[in-house]
Amino acid sequence: MFEYEYEQDDCGRYTFIRVIGDFIFHRFPILDAAIAMVVAVLAFFATGGVAQTIEVQADLVTGQDRPGFEIVGLTDADIERLNELESNGQLESVFQAFVAGQSIPMMARVILADDRLVLEPRFPLVVGARYEVRLGLDSLRGATPLTRAFTLPGAEVVTPEVAGVFPSSDCVPQNLLKMYLRFSAPMNRGEAYHSIRFLDKDGRRVEEAFLEIPQELWDASGCQFTILFDPGRIKRGLARHEQLDLPFQVGQTYTLVVDDRWRSAALKKLDKSERHSFTVVEPDRTQPDPDKWTIRAPTAGSHEPLFIDFGEPLDRAMLDHAIEVFQVDQRVPGETTVSRGETQWSFTPHRPWTADEFVIEIDSRLEDLAGNSIARPFEIESLVPEVDRSRFDVRPRRLLFTISSE
Amino acid sequence: MKAARLLYCLSVIAMLVTTAEAQEHLQKLQRGTAELKFAGPLAFGPDGVLFVGDPVSASVFALDTGDRQSSEFNPEFRIDQLEQKIAASLGVSAESIVINDLAVNPISGTPYLSLSRGSGPDAEAVILKLAADGSLTELSLKDIPHAVAALPNPPDQGDTDRRGRSQRMVSITDIALIDNQVVVAGLSNEEFSSSLRAIPYPFSADVAGTALEVYHGAHGKYETSAPVRTFTAITVDNEPYVVAAYTCTPLVRFPLDEVTRGEKIRGTTVAELGNWNSPLDMFVYEQDGKPFILMANSARGMMKISTENIQRDEGITEHVTDGGTAGQPYETIEELKSAVQLDKFGPDHAIVILKDESGRHDLKVVPLP
């Protein structure tokens, strides 16, 4: 709940500082007004009925784009003094806000708005954080500074969960290039590499299995993390491959452990640790070939899904956007589903299929689990003596299918 | 006397030309709000222009800091517990601050930091200027002369718009202005693709830059798409090169003209600096008339790398075994082992951010080793 704190200063006077903004008042206007009244009454009696100053108000201050702090109940003498300080550019040193326990004030703009002293933080206040505001009363009334603390209330933070681990299949090729972790909420940056590890069947850690990129590889939503295995370890012939060999051995079973200490962007830990085991099979050095895919066309007038079987698992993240369906140059709107360990893809249109010719357009960057894309194999260097860019056709691939009127 | 006068006249003309050039590129910057979504790698260009890599909007921003007042570099510059101070100023706890990069304005000696305030996709992009007294000032992104260049082959925004999803991102690992080209190194969170791109500066709406195809030879084999972690430009015997530190093949040399022409680039591996390690950041400096590379690493500490004979034709062709090293000789600077950020600070110093095991970050200036 919203927290008001108030103290007596050395002169026995009460000055109140209130938090303003719409984050609370929109939600609990009656409650806030009630609290405000109680505090005001307490203040009145605490000062022996001599209301020196300040009427606590909990009304919404409009015209402000983010919550801040303000001082109300200033006397004419206070305002005159503040006007002086303002003209000297010293208001920021009179009224300051701090993260609780810190000595450096937050960046903020302080303005004298009629009879109020308003502090607008440069950055939005964080829900759940504790702040202190200090009014340098010595500048005003020769008294010691007043300090008040506030904790900003907010909605309950949801506990994040691991929503998926990809490849989801029990078997992965030895030259696996990437894994994806999907979470139910945006996650905190800077924690990934401390929170994941691979164990062999005896529970021993696989050293240096994956790359640690300081920037971390997230999608734009912050919910999908990419584990990139060291391509230098995977590519045959490169120094690291010779030195370290591949991180996973064929025929062995490994377990990816995701620690529950990994926190969401709201700094809430995962609900539980996640373990995902897989068995390693022979390396995959063959490019995906759309001409070998199996297509099952739907029937006219139906909402049946268009169905493709790749005959092998493909990259889970890219499957969300790498395949599109066109009808006479118009993209057909619909929903895609990926299933059976990322070996199958289906597409359900928003509108029923009509009898026509359709084109399935496939991004040639689409990769299998080992980084072989439709356009080029992962291990270029071991396959071609002289690299010739024209060998790699990066244009989208097109597959045709027809829906007949029968 | 005449000669001196002529020299003076020539230098004045040269200054006027330089000023005119400076004005020209600055005049191409438009005043307004720089819509920076993520403040990533930093690099200073001419006349206080700061380049900022933004992986979220897949763009490079050129910001006119207006910081063109030449100043003495202060070797006493030091800010302890930097992260705590930044966090307090920005109104959050230290765990909600990520320092993404550090760059020093070579004119004024002012260090700049790019950072994220908050965590997750809603983190706010912030650029701070640091002062020797420990005070922090924000470089306001409002009403600032700037230009934006979209990276070639950016994320598929079209897909994002149609489907309400935005999955693909290009993470930027380093940027630098090299011979009027902003060179950008990065990698995608999805496909494994070419990771070095060059964009001509001043930015022009119709020139989006080129994705560079990188090859390097060893045993007749080619490495193409491994992520470049950090790179720098270097001139040896009047020949300019780009030296890039890879994740899996540490130090590779490219001819500068191939990089700036945006062509297929042939790299030569000039050093293997050991495994179990990722290079973090590097720059070139001169000592006793010889160029050296100073490179920070994740595990192998700070390396002072000799560039002696770095221009040789033959690269490393033998595999290095048992985690050993080969190629350019180097020495490890023990006291800078924990450096996570660094930049050049005047002709004789480096500025570093050291991170200890407790996570505390201290910024300080050290003599170049």
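The expected span of a helix is 1.5 Å times one less than its number of residues. Keep that rule in mind for the first view of this predicted model.

**Figure 1. Helix H3 of chain A has a buried side and an exposed face.** Helix H3 covers residues 76-87 of chain A, which makes 12 residues. From its first C-alpha to its last it reaches 17 Å, close to the expected 16 Å. Which residues of this helix are buried? Look for A:Asp78, A:Leu82 and A:Leu85. They sit on the same side of H3(A), because the arc they cover around the axis is only 55°. An α-helix has 3.6 residues a turn, so residues three or four places apart point the same way. Turned away from the buried side is a face with the exposed residues A:Asp76, A:Ala77, A:Glu80, A:Asn83, A:Glu84 and A:Ser87. Just after the helix you meet A:Gly89, whose phi is positive, about 70°.

**Figure 2. A hairpin in chain A joins strands E19 and E20.** Is strand E19 of chain A, residues 334-339, buried or in the open? It lies largely in the open, because zero of its six residues are buried. Its partner is strand E20, residues 344-349 of chain A, and six bridges hold the two in an antiparallel pair. To find one of these bridges, start at A:Gly334 and look across to A:Pro349 in E20(A). Between the two strands of the hairpin there are four residues. In this hairpin A:Arg340 has a positive phi, near 50°.

**Figure 3. Four strands of chain A make an open sheet with mixed pairing.** Follow the strands across the sheet in the order E9-E14-E13-E11. At the edges are strand E9 (171-173) and strand E11 (196-199), each of which pairs on one side only. From one strand to the next, the twist averages 35°. Strands of a sheet pair through backbone hydrogen bonds, either parallel or antiparallel. How do E9(A) and strand E14 of chain A, residues 274-281, run: parallel or antiparallel? They run parallel, joined by three bridges. Here A:Pro173 stands opposite A:Val281 in E14(A).

**Figure 4. Two residues of chain A show two levels of exposure.** A:Ala113 belongs to strand E4 of chain A, residues 108-113. This alanine is exposed because 11 other C-beta atoms lie within 10 Å, and a residue counts as exposed at 12 or fewer. Between the C-alpha atoms of A:Ala113 and A:Ile79 there are 9.9 Å in space, although the two are 34 residues apart in sequence. Now move to A:Asp320, in the loop between helix H9 (316-319) and strand E17 (323-327) of chain A. This aspartate has 19 other C-beta atoms within 10 Å, so it is partly exposed. A:Asp320 and A:Lys201 are 119 residues apart along the chain, and their C-alpha atoms are separated by 33 Å.

**Figure 5. In chain B, a helix lies across a sheet of four strands.** This open sheet has the order E6-E7-E8-E9, and its pairing is antiparallel. Strand E6 (97-104) and strand E9 (136-138) of chain B are the edge strands, pairing on one side only. Direction ignored, neighbouring strands are turned by 30° against each other on average. E6(B) pairs with strand E7, residues 111-117 of chain B, over seven bridges. One place to look is B:Ile99, whose bridge partner in E7(B) is B:Leu115. Helix H2, residues 82-90 of chain B, lies across E6, E7, E8 and E9, running at about 110° to E6(B).

**Figure 6. B:Phe51 and a covered strand bring us inside chain B.** Which residues touch the most other members of the largest nonpolar core? They are B:Phe51 and B:Ile351, in a core of 175 residues. Leaving aside neighbours within four places in sequence, the contacts of B:Phe51 include B:Leu42, B:Val60, B:Phe61, B:Ile175 and B:Val182. Strand E13 of chain B, residues 196-200, is mostly covered, with four of its five residues buried. Five bridges tie E13(B) to strand E12, residues 181-188 of chain B, in an antiparallel pair. In that pair, B:Val184 has B:Arg197 as its bridge partner.

Methods
Residues numbered from 1 in each chain as written. Chains lettered and ligands numbered in written order. Predicted model: local features only at pLDDT ≥ 70, side-chain atom pairs only at ≥ 80, totals over all residues. Buried ≥ 20, exposed ≤ 12 C-beta atoms within 10 Å, placed from the backbone. Core = buried A, V, L, I, M, F, W, Y, C linked by C-beta atoms within 7 Å. Contact = placed C-beta atoms within 7 Å. Pairing = 2+ DSSP bridges. Axes fitted to C-alpha atoms, helices over the stretch in contact; angles between N-to-C directions. Arc of directions from axis to C-beta.
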